[in-house]
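Reader: I'd like a close look at one part of this model, with its surroundings filled in as you go. Could you take me through a single buried spot and then work outwards from there?

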Amino acid sequence: MAAYVVAHIDVTNPEAFEAYRDAVPAVIAAHGGRYLVRGGAVETLEGAWTVPRLIILEFPDKAAAEGFYHSAAYQKILPLRLANAEGTVAIVEGVES
């Protein structure tokens with residue numbers, strides 16, 4: 001069953017964040033992942049939307065999502081995100097189809 005990495009990110013230093021943004025797609029792809037949402041425009045239909053940037057990545061399964069996050073390649077670039085953005089990241093399993 002597919003699994004998703006969901007991130008709510010507020011980029012605090014856009015110039016320095018570019019190095020992370022440039023490097024991360026190859027790491028995602030290397031683990032079978034792909035972007036479903038990458039910070040596009042949001043239209044709030046109910047409630048108050050307070051997430052500055054939403055990212056949703058799809059992976060074949062939870063093991064692949066965990067493999068991406070814990071990989072040496074991602075851990076190498078993670079400090080770039082942590083130093084230049086604030087937010088929350090989670091892995092959630094999809095539904096069986």
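Author: Let's start with a cut-off: a residue counts as buried when its relative accessible area is under 20%. Keep in mind that this is a predicted model. The spot I'd pick is Arg 81, which sits in helix H3. Its relative accessibility is 7%, so Arg 81 counts as buried.

What surrounds Arg 81? Setting aside neighbours within four places in sequence, Arg 81 is in contact with Ile 9, Phe 17, Tyr 20, Tyr 69, Tyr 74 and Val 89. With one of these, Tyr 74, the side chain of Arg 81 makes a polar contact of 3.3 Å. Phe 17 is 64 residues away along the chain, yet its C-alpha atom and that of Arg 81 are separated by 6.4 Å.

Now zoom out to the sheet. It's an open one with four strands in the order S2-S3-S1-S4, paired antiparallel. S2 (34-38) and S4 are the edge strands, each pairing on one side only. From one strand to the next, the twist averages 20°. H3, the helix that holds Arg 81, packs on this sheet and touches S1 and S4, with its direction at about 125° to that of S4.

Go along the sheet and you find S1 and S3 joined in the antiparallel sense over seven bridges. Val 5 is opposite Leu 57 of S3 there, and Ala 7 has Ile 55 in S3 as its bridge partner. S2 also runs antiparallel to S3, with four bridges between them, and Arg 38 stands opposite that Ile 55. So Ile 55 in S3 faces Ala 7 as well as Arg 38. S3 itself is largely enclosed by the rest of the structure, because six of its seven residues are buried.

That brings us to the nonpolar interior. As a rule, nonpolar side chains in soluble globular proteins tend to be buried together. Here the largest nonpolar core has 19 residues, and those with the most contacts inside it are Val 24, Leu 57, Phe 59, Phe 68 and Tyr 74. S1, H1, S3, H2 and H3 each supply at least two residues of this core, and H1 gives the most, with five. Two of those names have come up already: Leu 57 is the residue opposite Val 5, and Tyr 74 is the polar contact partner of Arg 81. Tyr 74 also turns up beside Val 24, which touches Tyr 35, Phe 68, Tyr 74 and Ile 77 once residues up to four places away are left out.

Phe 68 leads on to helix H2 (residues 62-70), where Ala 64, Ala 65 and Phe 68 are buried. Why do these three go together? They cover an arc of only 100° around the axis, which puts them on the same side of H2. Ala 63 and His 70 are on the other side of H2, and they're exposed. The cover over the buried residues of H2 includes strand S1 (3-11), helix H1 (14-30), strand S3 (53-59), helix H3 (72-84) and strand S4 (85-93). That takes us back to H3, where we began with Arg 81. One last detail at the start of H2: a side-chain oxygen of Asp 61 comes to within 3.3 Å of the backbone nitrogen of Ala 63.

Conventions: Residues are numbered from 1 along each chain as its sequence is written. This is a predicted model: local features need pLDDT of at least 70, side-chain atom pairs count only at pLDDT 80 or more; totals for chains, interfaces and linings use all residues. Side-chain values use heavy atoms; hydrogens and water are left out. Buried means under 20% relative accessible area, exposed over 50%, partly exposed in between (1.4 Å probe, protein chains only). The arc is that of the directions from the helix axis to the C-beta atoms. Contact means heavy atoms within 4.5 Å. A polar contact is a pair of N or O atoms within 3.5 Å; within protein, one must be able to donate a hydrogen and the other to accept it, and residues adjacent in sequence count only if both atoms are side-chain atoms. Two strands pair if DSSP finds at least two bridges between them. Axes are lines fitted to C-alpha atoms, for helices over the stretch in contact, and angles run from 0 to 180 degrees between N-to-C directions. A nonpolar core is a set of buried Ala, Val, Leu, Ile, Met, Phe, Trp, Tyr and Cys residues joined through side-chain atoms within 4.5 Å.
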